[in-house]
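Subject: Structure for you to look at, with notes

Dear colleague,

I am handing over the structure we spoke about, together with my notes on what was found in it. Please open it first and keep it beside you as you read.

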Amino acid sequence: MNLARFPRIRLGHMPTPLEPMERLTKHLGGPKLWIKRDDCTGLSTGGNKTRKLEFLCADAIAKGADILITQGATQSNHARQTAAAAAKLGLACHILLEDRTGYADPAYTESGNVLMDRLHGASVSRRPGGADMQAEMEAVAEEMRGAGRKPYVIPGGGSNPVGALGYVNAAQELVTQASDMGLRIDHLVHATGSAGTQAGLVAGLVALNSGIPVLGIGVRAPKPKQEANVLALAERTMAHLGLPALVKAEHVVANCDYVGQGYGIPTEGMVEAVKLVAEQEGILLDPVYSGKGMAGLIDLISKGFFGKDQNVVFLHTGGQVGLFGYPQAFGLAADAAR
């Protein structure tokens, strides 16, 4: 599996650390918990999208693009990292933000990731919840082509076979780190949404015959839809790699019991998980992805899903800047402090 044959531009700080969470392990009574720090990729406070953008931006430049177009929810980590990548590479960037929560608080609509989008020089337009965001992006791209621009459209989350190569590469990185440390990984757990991270990990770990099972904790779609989305993208990614038919349905597992009322809407479990990890490990999770992912992991531990002596790696997908958009969820709004 030679990823060097695919265009790539280095944007991140890699390899990211693989660290034990000793205090959290002790607090929860096992299993042995580890964290893969993809919040430390470096691009505009880091996050998992940086790995995908290394391949997507290389493809954009190879195709002569002068502007990147992408979309996401209001507090999109992907949008923020895309804006930063565009700035680093001297490209323009336009972001379409979909209102998936209905929140009107300025802390949510203008702070956090939205503030950083604009600091990186991206232009931003808004769309209502439920819009066909791919069609919206294509319409904007067509308008730009008419004005003589050369747009490159990146799907939400950077989740297509080109972007998923970033997590095929992450799978190789993780296996190498574990081997160097003498660490047997029994489970890899992470938050799964637009499917690209899980699809890339599954494709990479299967191609390497690693034997490491991946558990995605869903943050948006019901289990059947999430697993179908991940499987379809993993299969397309394998085909892109020239390794068709290796990924099977049994390789794709998602637990979507921790979504709550919907994408981006806080849950009690998420709030408790973010506070616990902050207090036990000095690590900040985010309220939309890694917070719900960790809430799922903690609940599954309490139910005996993992063996006490097993090694469980939690992949931190970043996005903690999104915490600034949710002060009320944590009882930290200005009014609550008075």
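The notes below take the domains, then the empty spaces, and then a few points in the backbone.

Please keep in mind throughout that this is a predicted model. From the record, an unreviewed UniProt entry, comes the annotation "domain: Tryptophan synthase beta chain-like PALP", which covers residues 10-318. In the model, that span is 45% helix and 17% strand, and the C-alpha atoms at its two ends lie 18 Å apart.

Domains

The domain assignment divides the chain into domain 1 (18-47 + 160-330) and domain 2 (49-154). Their contact takes 36 residues from domain 1 and 27 residues from domain 2, while the C-alpha centres of domain 1 and domain 2 lie 24 Å apart. Between them the two domains bury about 2,500 Å², with 57% of that area on carbon and sulfur atoms. If you want a place to begin looking on the domain 1 side, L43, S44 and Y263 supply 23% of the area that domain 1 buries against domain 2, which is more than any other three residues give.

Pockets

The largest pocket has a volume of about 690 Å³, and of the 30 residues that line this pocket, Q71, G156, G193, S194 and R220 lie nearest its centre. Both domains take part here, since the lining of the largest pocket draws at least three residues from each of domain 1 and domain 2. Among the elements that each supply at least two residues to that lining are β3 (67-73), α3 (77-89), α6 (133-146) and α9 (223-241), and α9 gives the most, with 6 residues. By class, the lining of the largest pocket has 10 nonpolar, 14 polar and 6 charged residues.

The second largest pocket holds about 220 Å³ of space, and its lining divides into 10 nonpolar residues, 1 polar and 1 charged. The residues that line the second largest pocket include V274, K275, A278 and L284, together with Q320, V321, L323, F324, Y326, P327, F330 and L332.

Cavity

The structure also holds 1 cavity of 30 Å³ or more, and about 110 Å³ of space lies in this largest cavity. Which residues lie nearest the centre of the largest cavity? They are N48, K49, A191, T197 and Y289, out of 16 residues that line the cavity. The helices α2 (49-62) and α8 (196-207) and the strand β7 (187-192) each supply at least two residues of that lining. By class, the lining of the largest cavity has 3 nonpolar, 11 polar and 2 charged residues. Like the largest pocket, the largest cavity draws on both domains, with at least three lining residues from each of domain 1 and domain 2.

Backbone

Three places in the backbone may be worth a look, and as background, most residues other than glycine have a negative phi, and most peptide bonds are trans. A cis peptide bond joins M14 and P15, with omega about 5°, and P15 has its place in the segment before β1 (18-20). A second cis peptide bond joins G30 and P31, where omega is about 0°, and P31 lies in the loop between α1 (22-28) and β2 (32-37). Finally, A195 has a phi near 90°, a positive value in a residue other than glycine, and A195 is found in the loop between β7 and α8. Those two elements, β7 and α8, are among the ones that supply at least two residues each to the lining of the largest cavity, so you may wish to view that loop and the cavity together.

With best wishes

Note on methods: Residues numbered from 1 in each chain as written. Predicted model: local features only at pLDDT ≥ 70, side-chain atom pairs only at ≥ 80, totals over all residues. Heavy atoms only, no water. UniProt positions renumbered as here; feature names shortened; annotations may be inferred. Helix = DSSP H or I, 4+ residues; strand = E, 2+ residues; numbered from the N terminus. 1 Å grid on protein atoms, 1.4 Å probe; cavity = no way out; pocket = protein on both sides within 12 Å on 5 of 7 lines; lining within 4 Å. Points joined across faces, edges and corners; volume = space filled by probe spheres on them. Nonpolar A, V, L, I, M, F, W, Y, C, P; charged D, E, K, R; others polar. Domains from an automatic or database assignment. Contact = heavy atoms within 4.5 Å. Buried area = accessible area lost by both parts, 1.4 Å probe.
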